[in-house]
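Here are some notes to go with your first look at this model. Have it open beside you and find each spot as you read.

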Amino acid sequence: MSQSAQPRTGHALRPDTLCIHAGTHLDPATGGACSPIFPSTAFAYPNATGENIYPRYYNVPNQRVVARKLAALEQGEDALVFGSGMAAISTLLLTFLKPGDHAVFQADLYGGTQHFVTRELRAFGVEATFARDEAAIAAAARPTTRLIYIESPSNPLLRCFDIAAVAKLGRARGVLTVIDNTFATPINQNPIALGFDVVVHSATKYLNGHSDLNAGVVVASAEIIRRLAEGAINHGGMLDAHACAQLERGLKTLALRMQRHNENAGRIARFLQEHPAVVRVNYPGLATHPSHAVAAAQMRGFGGMLSFELADPGRVDQLLTRLRVIFPALSLGGVESLICIPSRTSHRTLTLAERQQAGISEGLVRLSVGVEDGRDLQQDLAQALA
Ligand SMILES: *Cc1c(COP(=O)(O)O)cnc(C)c1O
């Protein structure tokens, strides 16, 4: 079996090049430029390399291709690819947390993760504290704390944590630090280089980028991934070879797509900020955003996600029905611009009190700015807000 973790060049390859070449499974039989697909669920045991290959062991070549590419992009040693972002997150938490353990989570988590922590994790006897900022995380730590978990930028308010500061906090206490890097992507931000232990992604979003696949990934040191794999084999949430091949194709254009996402979102954020129908725009690239300084120091681009609040919350439905290019839908990170109302979508399972605490008002609109021509997106919003 011929593999290329990275093409041998004598110098470290840059992210745009890694997106395309890192991890490719070179097929000596055909000399094809793309990794072949290995659909088998039955492999000779042991095979030529003495390995027992099986999709649920996360070691089919297509799974390894995507894992190597993402490890290279996130500057980790290894990775594990899952059937969804939630499969990656739940497997990670259930593997590294045991009854009696305590974990600290950021207060405005992705709704699905928040739901998992409050409804599932607590039922397993894991105690969870939600903390709003770096100081609250430090204050929440106990002798039984095993894990600190953040998202930066966060959904849907785009708040950013000082990643290096949280990493330092975890290091000092010997606590595993985990970050959901879905919104930033490895093109805009590399938390492992800033000291974090573990990066998780919903690969459903920017990594695949075409709104046609569910996947998740965990990137970390080889030792952490080895321990995670022990749990993951039991939980069984792997991604199959065909889906891995599709994800590999999506990843090849990640850097190219992110460049346009960054540009378009910056343009739309500035446009909305000047618009009289909008009272607030949440985008870390704006100097007015409370996290701007932190974001500017740790991100190479500010990403494609933004949210904004309408002056009249009663007009959100009108806005969504008037749009002609921007598509009202759940999810994010695809090539097409998607718009949704977090209080009715990603955060609908939270109680009203939980939503208010998280700062998710009824007039808040979340926009995943796609890679269309930014002028068309701006014109679409202008006519819908008029
Ligand atoms: C979508 C999302 C998830 C969950 O991923 P799925 O692929 O839907 O399971 C987790 N975190 C963030 C930030 C997300 O946007």
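The points below go through the pocket, the aromatic rings and a few backbone details.

1. Before anything else, keep in mind that this is a predicted model. Every value below is computed from that model.

2. Let's begin with the largest pocket, which holds about 450 Å³ of space. Its lining is made up of 27 residues, and the closest to the centre are Met 86, Tyr 110, Gly 112, Ser 202 and Lys 205. Two elements, helix 3 (85–96) and helix 4 (111–121), give two or more residues to that lining.

3. What is the lining of the largest pocket like, in terms of nonpolar, polar and charged residues? The split is eight nonpolar, 14 polar and five charged. Also look at where the lining comes from: domain 1 (15–251) and domain 2 (254–385) each supply at least three residues.

4. Now for the rings. You should find five aromatic pairs in the structure. In one of them, Tyr 54 and Tyr 57 have ring centres 5.4 Å apart and planes at 70°, so this pair counts as edge-to-face; the cut-off for that label is over 60 degrees. Tyr 54 is partly exposed, at 33% relative accessible area, and Tyr 57 is partly exposed with a value of 33%. Elsewhere, Phe 105, Phe 130 and Tyr 149 form one aromatic cluster.

5. Is Tyr 58 buried or exposed? Tyr 58 counts as buried, because its relative accessibility is 4% and the limit for buried is under 20%. Check its backbone too: phi is positive, about 60°, although Tyr 58 is not a glycine. You'll find this residue in the loop between helix 1 (15–21) and helix 2 (61–74).

6. Ser 331 is another non-glycine residue with a positive phi, here near 70°. Ser 331 sits in the loop between strand 10 (327–328) and strand 11 (338–340), and is partly exposed at 31% relative accessible area.

7. Which residues does a cis peptide bond join to Pro 153 and Pro 156? For Pro 153 the partner is Ser 152, with omega about -5°. For Pro 156 the partner is Asn 155, again with omega about -5°. Pro 153 lies in the loop between strand 4 and helix 6 (163–173), and Pro 156 is found in the loop between strand 4 and helix 6.

8. Last stop: Thr 144, in the loop between helix 5 (134–140) and strand 4 (145–151). Thr 144 is partly exposed, with a relative accessible area of 31%. Leaving out residues up to four places away in sequence, Thr 144 touches Gly 100, Asp 101 and His 102.

How values were computed:
Residues are numbered from 1 along each chain as its sequence is written. This is a predicted model: local features need pLDDT of at least 70, side-chain atom pairs count only at pLDDT 80 or more; totals for chains, interfaces and linings use all residues. Side-chain values use heavy atoms; hydrogens and water are left out. Rings of Phe, Tyr and Trp (its six-membered ring) pair if their centres lie within 6.5 Å; planes under 30 degrees apart count as stacked, over 60 as edge-to-face and the rest as tilted. Buried means under 20% relative accessible area, exposed over 50%, partly exposed in between (1.4 Å probe, protein chains only). Helices (H or I, at least four residues) and strands (E, at least two) are DSSP runs, numbered from the N terminus. Contact means heavy atoms within 4.5 Å. On a 1 Å grid over the protein atoms alone, a cavity is a set of points where a 1.4 Å probe fits but cannot get out, and a pocket is an open set with protein on both sides within 12 Å along at least five of seven lines; lining residues have an atom within 4 Å of a point. Grid points are joined across faces, edges and corners, and a volume is the space filled by probe spheres set on the points. Ala, Val, Leu, Ile, Met, Phe, Trp, Tyr, Cys and Pro count as nonpolar, Asp, Glu, Lys and Arg as charged, and the others, Gly among them, as polar. Domain bounds come from an automatic or database domain assignment.
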